[in-house]
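Biologist: Hello! I am new to this structure, so could you show it to me and walk me through it?

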Amino acid sequence: MNAIHTGQQVSPATLHKVIAASAIGNFVEWFDFAVYGFLAVTIASLFFPPGNPTLALLQTFAVFAVSFALRPLGGIVFGILGDRIGRKRVLSITVLLMAGGLALPESSKRPLSYQR
């Protein structure tokens with residue numbers, strides 16, 4: 001992959017804004033992962049079937065591992081898509097996809113074992 005070099009200088013103020021925005025985004029992402037890890041026991045007891053707390057905790061960490069492992073794949077897919085249709089559109093798409101889980105009906109969020 002060849003980078004396009006335009007020869008234009010970036011102002012220090014713009015550079016500082018970009019660095020600050022990147023640092024804040026990185027902090028929020030790692031904060032989310034840390035909170036999930038710290039609350040793994042609670043998440044396991046609330047979202048997985050009762051009866052075997054060890055299995056529930058392992059399932060909670062498996063979800064954590066899958067989300068962590070798929071980050072590079074998402075970066076590749078959405079990076080390529082961002083190069084083709086624009087990064088602003090892809091950012092909007094990813095935000096809508098993440099928020100889409102909130103639009104699901106409540107009954108579809110519960111595991112089948114809990115539905116009556």
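Biologist: Which residues of α2 meet which residues of α3?

Modeller: Happy to help! This is a predicted model, where local features need pLDDT of at least 70, side-chain atom pairs count only at pLDDT 80 or more, and totals for chains, interfaces and linings use all residues. Residues are numbered from 1 along each chain as its sequence is written, and side-chain values use heavy atoms, leaving out hydrogens and water. Taking contact as heavy atoms within 4.5 Å, Ala 40, Val 41, Ile 43 and Ala 44 in α2 meet Ala 56, Leu 57, Thr 60 and Phe 61 in α3.

Biologist: How do the residues of this contact divide into nonpolar, polar and charged?

Modeller: Ala, Val, Leu, Ile, Met, Phe, Trp, Tyr, Cys and Pro count as nonpolar, Asp, Glu, Lys and Arg as charged, and the others, Gly among them, as polar. On that basis, the contact of α2 with α3 has seven nonpolar, one polar and no charged.

Biologist: How are α2 and α3 placed relative to each other: roughly parallel or roughly perpendicular?

Modeller: Two packed helices are described by the angle between their axes and the distance between the axes. Here α2 (residues 40–47) and α3 (residues 53–69) pack at about 110°, with axes 8 Å apart; axes are lines fitted to C-alpha atoms, for helices over the stretch in contact, and angles run from 0 to 180 degrees between N-to-C directions. Angles under 35 degrees count as roughly parallel, over 145 as roughly antiparallel, 65 to 115 as roughly perpendicular and the rest as oblique. The two helices, α2 and α3, are therefore roughly perpendicular.

Biologist: Which residue meets Arg 71 in a salt bridge?

Modeller: Side chains of opposite charge can pair when their charged atoms come close. A salt bridge is a side-chain nitrogen of Lys or Arg within 4 Å of a carboxyl oxygen of Asp or Glu, and this pair has N to O at 2.7 Å. The link joins distant parts of the chain, from helix α4 (residues 71–85) to helix α1 (residues 12–38), 42 residues apart. The partner of Arg 71 is Glu 29.

Biologist: Is Arg 87, which pairs with Asp 83, buried or exposed?

Modeller: Buried means under 20% relative accessible area, exposed over 50%, and partly exposed in between (1.4 Å probe, protein chains only). Asp 83, at 48%, is partly exposed. Arg 87 has a relative accessible area of 61%, so Arg 87 is exposed.

Biologist: How many helices does the protein chain have?

Modeller: Helices (H or I, at least four residues) and strands (E, at least two) are DSSP runs, numbered from the N terminus. The elements run α-α-α-α-α-α. With zero strands, the count of helices is six.
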